[in-house]
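New to this one? Take a look below, and then we'll walk through a few of its features.

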Amino acid sequence: MNTYIHTTIKKQLKFLRALSLMLILPFLADAQSVKTLTLPEAVQLGLANSKTLALSKTKVLQAEAAYQQVLDRALPTASASGIYNHAEIPNHVLQLGPGDPIKLPKSADAIIGTLSVQELIFAGNKLKYAKESAQLVKKIAGLDVSKDEDDITIAIIDAYLNLYKLDASKSVIKQNLNALNTQYKQTQRFFEQGIVTKNEVLRIQLQQSNVELTALDIDKNRNVVNYNLNIMLGLPEQTIIQTTALPNDFSSQNNLNSYLDSASNNRVELKKADLQTQLIAKDIASIKAGQLPTLGAGLGAYYINPGGHLVPSKNEFITPITLGLTLSWDFGTLWTTKNKVAEASIKQQGAQIGKSIIADQIKTEINQNYQAYIQAIKKIDLLNTAIQQASENDKIVQSKYENSISPLTDRLDANTQLFQAKINLELAKADAQLAYYNLLKSTGKKITL
């Protein structure tokens, strides 16, 4: 009777668990969506949704707007104004001698209108230098966008490869657990046959528990990396990203000097330094241009209606028109600008020194990335050899264990060494990928995936 009740309760519990799972699954599907992304797709998505890149592009638009404002300064300026005056004259009789007095009206109205157009003809080429400076600023802003694209790309690659390493490790751990499960079944049979002790069965179970704990740590770390990558890519925070296999052929046969040469031609920092030097040169030229005289032309038109009528009769208003040239020269600048030029020249020298410092830093960076890449490739070769050796050793120890020649501890050690070597290989492949892309980035070339 008790057995029947126990069996019935177990069936009911199974049914309730199945029913609960059926009810929960649709909500889990809604809450979390799985998205499989290749590395190029992740980079493309991240660049399209990057807020940092969007902010950099607004700076380019600002520089373009500033350039257009400089162009506007070449256009003539024009203004128009209208004035209406009403005057009350209480004492409107003026006596200036023995003659008849001058009698003024008790009140008077007047309307005055002006129209003025001014055009700067020559200002020492300061407008020309302002245009060129604005163009340089726009180019610098464009270079900042390019650098931000490179920084964002490498950050996405780094995050994606971290996720890939966790996925690869989890895959190898799953293989390890399957192998340990097979080993456990075999050892359990040996125990039932009296070949091994219970202690050896417990050893395998302990090994399984340790591997499962490692899998839990990987799951925790994966959740963190996955969440951060979702933010970078602009995806919903609950999206589960699935990585794909990495390309096998990404190696480069170029030597260190070729990377150094590429950096000297392509690095954004060096281009910016050159533009900054040119910008200072334009500033110096503009300061010197301030020592020259300026010439401008002006056109003025006036409407004077002393009668105050909105539509006056004939001959009750005048409309003088003026046309003239204005030449001015602040010759005090001949002795007041030399220190400004000296300051700008020192700034230019500092910019040139700064460029040489940046060049040295870039050389150091490239050499460091190059050596890291070479070591990563060598590590992959060594790990491939290690896996072959570990596989052969695992087979030998397994055979010895089955024939009661080798103890269980040796069998478990061989198994651990094999799967650890497999994990290390997957990690090394991802590290080599990242090292390669870091090397490409340090040369200033666009990272192509």
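## Two helices side by side

Helix 4 and helix 9 run roughly parallel to each other, because the angle between them is under 35 degrees. This is a predicted model, and in it helix 4 covers residues 126-192 while helix 9 covers residues 338-402. The two pack at about 20°, and their axes lie 12 Å apart. As for handedness, helix 4 passes helix 9 in a left-handed crossing.

Who meets whom here? On the helix 4 side you'll find Gln183, Gln186, Thr187 and Phe190, and they meet Gln398, Tyr401 and Glu402 of helix 9. Sort the residues of this contact by character and you get two nonpolar, four polar and one charged.

## A four-stranded sheet

Now for the strands. Four of them make an open sheet, ordered 2-5-7-8, with antiparallel pairing. Strand 2 (77-88) and strand 8 (321-328) sit at the edges with a single partner strand each, so one side of each has no neighbour in the sheet. From one strand to the next, the twist averages 20°.

Zoom in on strand 2 and strand 5 (residues 107-122): they pair in the antiparallel sense over twelve bridges. Asn85, for instance, has Ala110 in strand 5 as its bridge partner.

## How confident is the prediction?

The chain's mean pLDDT is 86, with 91% of its residues at 70 or more. Among the elements, strand 6 (residues 240-242) has the highest mean, 95, and helix 1 (residues 2-31) the lowest, 45.

Residues 1-13 have pLDDT below 50, and this stretch makes zero contacts beyond near neighbours in sequence. Over residues 18-30 pLDDT also stays under 50, with zero contacts beyond four places in sequence.

Terms used: Residues numbered from 1 in each chain as written. Predicted model: local features only at pLDDT ≥ 70, side-chain atom pairs only at ≥ 80, totals over all residues. Heavy atoms only, no water. Axes fitted to C-alpha atoms, helices over the stretch in contact; angles between N-to-C directions. Parallel < 35°, antiparallel > 145°, perpendicular 65-115°, else oblique. Left-handed = near helix turned anticlockwise from the far one by under 90°. Contact = heavy atoms within 4.5 Å. Nonpolar A, V, L, I, M, F, W, Y, C, P; charged D, E, K, R; others polar. pLDDT = per-residue confidence, 0-100. Pairing = 2+ DSSP bridges.
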